[in-house]
Amino acid sequence: MGLYQCIVREKQMNASQRYASQTVLDEIGVEGQQRLAQARVLVVGAGGLGSPVLLYLTAAGVGQKMHGGRIGIIDDDQVDTSNLQRQILFREKDLGQAKAMAGAHHLEGLNSSTQIHPIKDRLRIENVLEIFSDYDIIVDGADNFATRFLINDACVLLGKPNVHGGVDRFRGQATVFSLPEGPCYRCLFDEPPPPGTALNCAEAGVLGVVPGIIGVIQATEAESWTKDAKTELQEWLQARRLPVPTYRIAATRGEKHAQTFEVECLVPTLALTERGEGRSRRAAEQEAARRLLGVLKASDRPGGPLRS
């Protein structure tokens, strides 16, 4: 075995130990961890929301170099003393440094296997589509409405999930916009408020822990929207103008806290049904979707029933 193969094997062994608490979950498993490693996630803003998002995505193994994944950070600001109350990615020694660069340095120290791509720039109409095109998922950690609307519009145009978060004083909100056949940010707010009418965190104030809580929710949503079997199956069907599948519980076995679910995944117009089992409904749905996707891909080959 050559030196390169030894290094790769050692990294794989370290990864299996590092993410063991995640891979033991039925909803994630080894395949789910692989999807996290392959994911390309861009975080817009390395502030109060972006800091916990970036830390938890990096710790979870999102965007691994060896798997072609990436975590991007775009921010044109510098670290200021007033940031340290809530922007937990930074330290006192970072004062005056570019947030994108200082943040990338700390994230690489947390997980050296992660591909961190810092972008010291402001998101603008001129660059948004080019930047977003390199990523699968966009996390909105912006602190102004103009950027939020720009993020929304670009995500709608490119068909990418927009993991949105916002905070105000003692409260916050998080959701995911721009999903297939789902609403976007402009469905909630038609236009940005007039300049000067909406205050940012520095002006209105915010309890430091609030963006931390909302940012953790955003990180959770971003991880859940890395391409899983259900998402891949839906996209495969939609690309061929076929209806999305439906799922139903076929059976449950065992006691309440030790149940096994059996779920059916159906595409009625194709008269196709596959079943999956798991210790949760979601895990069973993933297995059913994975099996059905395998059948469809095999059928889609030249001469298969869907191509003939």
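Colleague: Which residues touch the most other members in the largest nonpolar core?

Modeller: Happy to look, bearing in mind that this is a predicted model. The core holds 25 residues, and the elements giving two or more residues to it are β1 (40-44), α4 (50-59), β2 (70-74), α5 (99-110), β4 (137-140) and α10 (209-224). Those touching the most other members are V41, L54, L57, V62, I73 and V139.

Colleague: Nice! Leaving aside neighbours within four places in sequence, which residues is V41 in contact with?

Modeller: Contact here means heavy atoms within 4.5 Å. With the neighbours within four places set aside, the partners of V41 are L57, V62, R70, I71, G72, Y135, I137 and V139.

Colleague: On to helix α11: what covers its buried residues?

Modeller: Let's start with the helix, which spans residues 229-239 and has A229, T231, L233, W236 and L237 buried. Just after α11 comes R241, with a positive phi of about 55°. The cover over the buried residues of α11 includes β7 (246-253), β8 (260-267) and α12 (281-299).

Colleague: Why is one side of β7 and of β9 left without a neighbour in the sheet?

Modeller: The sheet is open, with 3 strands in the order β7-β8-β9 and antiparallel pairing. Its twist averages 20° from one strand to the next. One side of β7 and of β9 (272-278) has no neighbour because both strands stand at the edges, each with a single partner strand.

Colleague: And which residue in β8 is the bridge partner of Y247?

Modeller: β7 and β8 pair in the antiparallel sense over 7 bridges. In β8, the bridge partner of Y247 is C265.

Colleague: Finally, what angle does the direction of α12 make with that of β9?

Modeller: α12 packs on the sheet and touches β7, β8 and β9. Its direction and that of β9 make an angle of about 140°.

How values were computed
Residues numbered from 1 in each chain as written. Predicted model: local features only at pLDDT ≥ 70, side-chain atom pairs only at ≥ 80, totals over all residues. Heavy atoms only, no water. Core = buried A, V, L, I, M, F, W, Y, C linked by side-chain atoms within 4.5 Å. Buried < 20%, exposed > 50% of the residue type's maximum accessible area, 1.4 Å probe, protein only. Helix = DSSP H or I, 4+ residues; strand = E, 2+ residues; numbered from the N terminus. Pairing = 2+ DSSP bridges. Axes fitted to C-alpha atoms, helices over the stretch in contact; angles between N-to-C directions.
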